[in-house]
Amino acid sequence: GLLAAALCLSVPATSQNTIADLVVASSGGATAGTFDQNGNDYDLLLTALNTAGLTAAVADPNANLTVFAPRDSAFVELARDLGFQGHDEQGAWTFLVAALTTLGNGNPIPVLQDVLKYHVVPARITFFGVLFRSIVGLPIPTLVPGATIQPAFFRLIDNDPSLRDPRVRLPLNLFADNGVVHTIDRVLLPIDLP
């Protein structure tokens with residue numbers, strides 16, 4: 001399944017799934033989006049996509065996207081960077097929603113949408129393509145107008161200089177009918193957080 005797809009680094013596998021389907025499958029299928037103790041799946045990403053109303057965008061079979069998908073531990077780390085004291089997914093999500101509500105002047109959704117759109121590239125880029133862009137110094141465009149990510153081999157430099165930048169981790173090159181997914185270990189930030 002997903003592990004085999006992750007190890008297929010250069011040849012796209014034939015898929016019958018969208019990026020949304022891959023996120024759901026890696027988060028437990030029927031129990032997807034249920035907070036658990038597995039920091040390596042995408043429960044928090046799925047919850048964030050559903051909350052922001054963006055699940056349909058990554059489920060669109062006609063799209064052509066790359067998603068840098070933060071695993072659950074990435075969201076917990078972001079919450080801890082912002083002052084959360086725990087390690088659990090539910091507590092981290094509750095804390096992040098409160099932080100986004102403050103940043104959004106009472107409405108967390110627009111800020112959450114921008115953060116999630118910053119993880120999406122409007123083109124299919126394999127990890128080889130990410131490495132190529134790193135070597136030649138080309139930034140990666142995102143769905144946030146004017147906001148780019150600068151690849152530095154396995155590291156992705158975002159727009160918050162004070163927090164540790166994400167690194168691409170396994171599984172990567174998860175191919176879907178509408179794009180490709182690369183796992184990252186931190187949340188990409190389109191702004192410099194106060």
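This passage describes a three-stranded sheet, a pair of packed helices and the largest pocket in a predicted model.

The sheet is open, and its three strands are arranged in the order S3-S4-S5 with antiparallel pairing. Strand S3 (140-141) and strand S5 (155-157) form the edges, each pairing on one side only. Between S3 and strand S4 (residues 148-152) there are two bridges, and the pairing is antiparallel. Ile140 has Ile149 in S4 as its bridge partner. Helix H8 (residues 127-136) lies across S3, S4 and S5, and runs at about 85° to S4.

A helix pair was also examined. Helix H3 (residues 43-52) packs against helix H5 (residues 72-81) at an angle of about 75°, and their axes are 6 Å apart. H3 is therefore roughly perpendicular to H5, since angles of 65 to 115 degrees are counted in this class. In this contact, Asp43, Leu44 and Leu45 of H3 meet Asp72, Phe75 and Val76 of H5. By class, the contact residues comprise four nonpolar, no polar and two charged.

The largest pocket has a volume of about 220 Å³. Its lining consists of 17 residues, and those nearest the centre of the pocket are Leu78, Leu82, Leu100, Leu103 and Leu193. At least two lining residues come from each of H5, helix H6 (89-103) and helix H7 (108-117). H6 gives the most to the lining, with five residues. The lining has 17 nonpolar residues, with no polar and no charged residues.

Key:
Residues numbered from 1 in each chain as written. Predicted model: local features only at pLDDT ≥ 70, side-chain atom pairs only at ≥ 80, totals over all residues. Heavy atoms only, no water. Pairing = 2+ DSSP bridges. Helix = DSSP H or I, 4+ residues; strand = E, 2+ residues; numbered from the N terminus. Contact = heavy atoms within 4.5 Å. Axes fitted to C-alpha atoms, helices over the stretch in contact; angles between N-to-C directions. Parallel < 35°, antiparallel > 145°, perpendicular 65-115°, else oblique. Nonpolar A, V, L, I, M, F, W, Y, C, P; charged D, E, K, R; others polar. 1 Å grid on protein atoms, 1.4 Å probe; cavity = no way out; pocket = protein on both sides within 12 Å on 5 of 7 lines; lining within 4 Å. Points joined across faces, edges and corners; volume = space filled by probe spheres on them.
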